[in-house]
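Visitor: Please take a close look at one part of this model, the segment you would begin with, and then set it beside the rest of the chain.

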Amino acid sequence: MCHRREAFSCRDAFVGLRESFFLSTLDTICCGSIGQTAGSDRNKHLSRELIPGIMMTTEAATIPAGSGKTGQRSPNVNLQSPTQPASPAPTVKASQEHSYSDPTKRSIRWDYTIFFVTLHLLTLLVLMPYFFSWVGVAAFVVGVVVFGQMAIPIGYHRMLSHRSFRSPKWFERTLVTLAMCTAQETPAHWVAWHRMHHSHSDHAEDPHSPRISFMWAHVRWLVHESRTRMATFSMYEKYARDILSDPYYRWIEKLPSPAGMFYLAHAFVYALLAVGISMLVYGNNAEAYRMAASVFVWGVIARTVWVWHITWSVNSITHVFGYRNYQTTDDSRNNWFVSLLTAGEGWHNNHHADPASASVQHRWWEIDPNYYVIRLFGALGLASHIIRPRHVRKSGAES
Ligand SMILES: [Zn+2]
Ligand SMILES: [Zn+2]
């Protein structure tokens with residue numbers, strides 16, 4: 001028992017122990033000893049749960065358009081086997097349906113909050129003529145393609161979270177490294193949260209359902225304390241064990257504030273390159289510094305905030321607004337506006353209906369540029385085992 005004057009050092013010692021336990025448990029996850037001790041049933045359960053997309057491909061299906069009312073909220077519909085008739089959906093008990101504890105009452109994560117607010121305020125600099133240049137705008141657009149399309153939707157989402165295609169390890173890690181430059185958490189963290197979302201979409205365990213509130217789904221879920229380190233560990237064990245089997249991703253996880261470190265490092269490199277190239281072009285003068293500042297404000301700060309919001313809009317807008325091709329057990333929607341912003345991620349009802357697929361294009365006009373990029377990766381030898389949509393898989397077309 002600690003005396004009062006020893007309390008601080010005791011607390012530190014406890015935190016240290018807890019941290020070291022957490023880090024060692026990451027290794028345990030990787031080695032699989034927890035799963036092994038729990039027996040083969042446990043392993044079977046984990047392998048099914050680890051990749052919700054694959055699990056849902058084999059075990060669940062949806063009711064295609066025409067058999068249900070599209071564009072209507074139908075939260076109480078259960079997933080049904082494609083061989084089962086579309087019988088009236090059993091109603092989920094009200095107590096289950098509204099069993100959210102109130103997560104909005106949780107304490108605020110001030111580090112995240114201050115970071116988000118600061119970057120949003122700094123983004124207002126784009127309104128100042130001093131920081132405007134077409135080179136800066138070009139840096140913004142290229143950054144959105146690289147970080148907002150290739151890194152997050154293709155890398156973190158379709159490649160890691162759903163394993164909808166495979167890449168050479170060096171290329172997979174390159175995409176993950178780029179994703180780490182978006183200040184959107186580590187690969188294990190992002191994947192675990194996302195797989196949890198698919199397993200519990202718009203039900204009590206969903207980390208970001210708009211049924212709590214639209215703003216909760218968009219950003220508030222990120223700035224409230226969600227779980228302890230131990231709870232995070234068990235989440236990793238259940239949803240991200242395969243991610244932590246990679247030594248690079250495990251190393252990232254062990255860094256102090258890894259998302260912040262990567263983000264600041266990439267911003268520093270960006271600034272150095274912007275200043276260096278500007279000075280080469282304009283010489284050591286005020287115009288060179290103005291151009292470098294323009295590239296930094298548009299290409300780093302504004303791009304980061306933009307990529308945040310288009311990513312978050314998939315969690316918020318596409319679970320509220322849009323039409324439904326499939327009556328899934330969640331509120332997912334297809335939304336053309338979000339698809340436009342995210343190069344395809346807005347066909348979210350299609351994605352929830354068939355999460356394993358690398359493509360979310362289920363109708364000819366549901367354009368999915370992210371899938372075309374994955375096909376391009378395939379043509380370049382950077383992607384293989386690309387999973388086609390279920391209706392194509394069923395028709396026997398090659399995948
Ligand atoms: Zn969703
Ligand atoms: Zn997904």
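**A closer look at one span**

Guide: In this predicted model, residues 288-308 are 100% helix and 0% strand, with end C-alpha atoms 29 Å apart; helices here are DSSP runs of H or I of at least four residues, strands runs of E of at least two, numbered from the N terminus. UniProt, in an unreviewed entry, lists this span as a "transmembrane region", along with residues 112-131, 137-156 and 260-282, in the numbering used here, with shortened feature names and annotations that may be inferred rather than shown by experiment. Residues 260-282 are likewise 100% helix and 0% strand, their end C-alpha atoms lying 32 Å apart.

The largest nonpolar core (buried Ala, Val, Leu, Ile, Met, Phe, Trp, Tyr and Cys residues joined through C-beta atoms within 7 Å; buried means 20 or more other C-beta atoms within 10 Å, C-beta atoms being placed from the backbone) has 45 residues, and helix H7 (residues 134-161) gives the largest share, eight residues. Apart from this core lies another, of 13 residues, including Tyr 270, Ala 292 and Ile 301.

As for confidence, the chain averages a pLDDT (the predictor's confidence in each residue, from 0 to 100) of 80, and 73% of the residues score at least 70. Residues 31-99, however, stay under 50.

Residues are numbered from 1 along each chain as its sequence is written, and chains are lettered from A and ligands numbered from 1 in the order in which they are written. Local features need pLDDT of at least 70 and side-chain atom pairs count only at pLDDT 80 or more, whereas totals for chains, interfaces and linings use all residues.

Conventions: Two residues are in contact if their C-beta atoms, placed from the backbone, lie within 7 Å. A residue is buried if 20 or more other C-beta atoms lie within 10 Å of its own, exposed if 12 or fewer, and partly exposed in between; C-beta atoms are placed from the backbone.
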